[in-house]
Protein chains: 2
Amino acid sequence: MIHFADRVAAAVRAKRNAVCVGLDPRWESLPLELRQRRGDASLAAIASAYEEFCSRVLDIVAPLVPAVKPQSAFFEACGPEGMAAMQRLLCKARNHNLITILDGKRNDIASTASAYADAAFGGTRLAARTFPVWEADALTINPYLGRDAVEPFLESARRVGAGLFVLVRTSNPGAGQFQDLLVSPPASSSHSTDNSSPRPLYQYVGEAVGAWARENVGQCGLGDVGAVVGATYPAELVMLRKLLPETIFLVPGFGAQGGKAEDVASAFRPDGLGAIVNSSRGILFPFKPDDPSWETRIDEATRATIAALDTR
Amino acid sequence: MIHFADRVAAAVRAKRNAVCVGLDPRWESLPLELRQRRGDASLAAIASAYEEFCSRVLDIVAPLVPAVKPQSAFFEACGPEGMAAMQRLLCKARNHNLITILDGKRNDIASTASAYADAAFGGTRLAARTFPVWEADALTINPYLGRDAVEPFLESARRVGAGLFVLVRTSNPGAGQFQDLLVSPPASSSHSTDNSSPRPLYQYVGEAVGAWARENVGQCGLGDVGAVVGATYPAELVMLRKLLPETIFLVPGFGAQGGKAEDVASAFRPDGLGAIVNSSRGILFPFKPDDPSWETRIDEATRATIAALDTR
């Protein structure tokens, strides 16, 4: 069983870039040819269009990038048929040897968290058997509930060499409402540390993520628990990179959301590892819906994104 | 369009209790007769057993309680077939005039959050049409990403008179790792209030939830944004009830997790409104798997839970 971070490192080295293509299908942006082929709109038809579009995107980007990140919300929006489409796309991505990051931002406690985690990774364990569900290489999770609620995700991921990306600093403009709050451990807390001076919540959460990452470090020196840190907050990226040397960053917000290549550069270690930069709209939808050469446009946009992020 | 809190109040008054039955199906606990009927275990067979069990639970509890709360993790664990089973159960619960609270703990930003929210409530809006997906009356969400990430959920819920329950104080033993951190708002913060003394993060989040709730208050005096507050933290329940007079509490952790009736009593306003108390295992699984009278046991357990919580 190869460590998650080592699999990511191998994929990044093989493709010579750390770009992750976000699979965020949006009906209004799909090529007209895919939409028009499905005359009577139904959720099943929309899910089918999403699947065909993303499947063709996978064929285009698989030779170029190391990872893809299906956004579960857009598939859930199509109901059970959408989830079935996502399942087949995850399977196809694996067969293309892409690292698959399921963006579900899941969170719950105890056996409920295990249910999400087993579904994401090794499979649902019931009736003395294991049934594969999403079979992703990594899952995004939300940390608000604390370590014991993260634990089932950790256990499930570690059973099969998968990874987690924990929300630390999200890319939205209002991320700071809670994440920037200056916090300090309560005096009586068992969580208090030597460093009890007030610091922003995202940094405190980041330190916890760093500690979880250090529990299981691969040969590349990075752990199997990563942090989501938005490209839209470059100063925080710089600070967190220094604070968390063993933590892989999943960096959303590049491109359409405003994150720039020089901002993102600080997410990496000097050896070019340590970060995966996601691009969704910038790669998926660089064409007008009536452009018959939309696949060429996606290929060009993928290469342009890779070039823009190549700051070596 | 009747306000969410008024619909909850009417249901609570009609049933003379505020019990919510958590639909958390677990294979190992299901009646043997439901398991044995499905010889070759597959996720589809397990989803079918979950659906039959929960469907029979709905028939038993619908005359007795005002609300049910399907836990999406257990259905997602069965893959797309599980999600389809959850969809049909939500439909059946609505037809029984039960308030349906989808426990998904969803969270994301911008249009991605809208995708989750529209699916949960009024339906996915695509191709100039609206397609129903889960059609729940309320959804649980996670606040870590901040107000602008909650906004799409609020907008989507308010479009159809639905409600939100925001995680404030979760019921797990380690909830305090982040939720108990002491917050000192920065002096320059636009979020700072008159009350700038340090207080725990969950309280700070609770105050934000209270402000969202006050934006849209029903005739019963309660808003359409509620707070999840675990029965396992009675002191926090008392404090939050005083702090948030317009906020409905969804209270997990009663029974199996250790929350007691006297703890839960403080979640209510003097008029008996203001809280919904969830019970999952205590109501779903009061029988041994080989008990042929398991439906009677569920009926008895539901009535016993209602009686235990009746502190008037």
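Q: What turn lays chain B on chain A, and with what RMSD?
A: A turn of 180 degrees, with a shift of 0.0 Å along the axis. The RMSD is 0.1 Å. Keep in mind that this is a predicted model.

Q: What kind of axis is that the relation of?
A: A two-fold axis.

Q: What share of the contact residues of chain B recur in chain A?
A: 98% of them. The same surface serves both copies.

Q: How many residues does each chain bring to the contact?
A: Chain B brings 61 residues. Chain A brings 62 residues.

Q: Which helix gives the most on the chain B side?
A: Helix α6 of chain B, residues 110-120. It gives six residues to the side that touches chain A.

Q: And what classes of residue are on that side of chain B?
A: There are 36 nonpolar, 17 polar and eight charged residues on the side of chain B that touches chain A.

Q: Which strands of chain A and chain B pair, and in what sense?
A: Strand β8 of chain A pairs with strand β8 of chain B. Each covers residues 182-184. The sense is antiparallel, over three bridges.

Q: Which residue stands opposite Leu182(A)?
A: Ser184(B), in β8(B).

Q: New topic. Why is strand β12 of chain A called largely enclosed?
A: Five of its five residues, 275-279, are buried, so the rest of the structure largely encloses β12(A).

Q: Which way do the residues of β12(A) point?
A: Ala275(A), Val277(A) and Ser279(A) point one way. Ile276(A) and Asn278(A) point the other way. All are buried.

Q: What pairs with β12(A)?
A: Strand β1 of chain A, residues 19-23, runs parallel to β12(A), joined by three bridges. Strand β11 of chain A, residues 249-251, also pairs with β12(A) in the parallel sense, over three bridges.

Q: Which residues of β12(A) are the bridge partners of Cys20(A) and Leu250(A)?
A: Cys20(A) has Asn278(A) as its partner. Leu250(A) has Ile276(A).

Q: Over to chain B. Where is Asp224(B) found?
A: In the loop between α9 (201-214) and β10 (225-229) of chain B.

Q: Is Asp224(B) buried or exposed?
A: Buried, because Asp224(B) has 25 C-beta neighbours inside 10 Å. The cut-off for buried is 20 or more.

Q: What does Asp224(B) touch, leaving out residues up to four places away in sequence?
A: His3(B), Phe4(B), Ala5(B), Ala157(B), Arg158(B), Gly163(B) and Asn216(B).

Q: How far is Asp224(B) from Leu182(B)?
A: They are 42 residues apart in sequence. In space, C-alpha to C-alpha, they are 28 Å apart.

Note on methods. Residues are numbered from 1 along each chain as its sequence is written. Chains are lettered from A and ligands numbered from 1 in the order in which they are written. This is a predicted model: local features need pLDDT of at least 70, side-chain atom pairs count only at pLDDT 80 or more; totals for chains, interfaces and linings use all residues. Helices (H or I, at least four residues) and strands (E, at least two) are DSSP runs, numbered from the N terminus. A residue is buried if 20 or more other C-beta atoms lie within 10 Å of its own, exposed if 12 or fewer, and partly exposed in between; C-beta atoms are placed from the backbone. Two residues are in contact if their C-beta atoms, placed from the backbone, lie within 7 Å. Two strands pair if DSSP finds at least two bridges between them. Ala, Val, Leu, Ile, Met, Phe, Trp, Tyr, Cys and Pro count as nonpolar, Asp, Glu, Lys and Arg as charged, and the others, Gly among them, as polar. Copies are superposed by least squares on the C-alpha atoms of residues with pLDDT of at least 70 in both.
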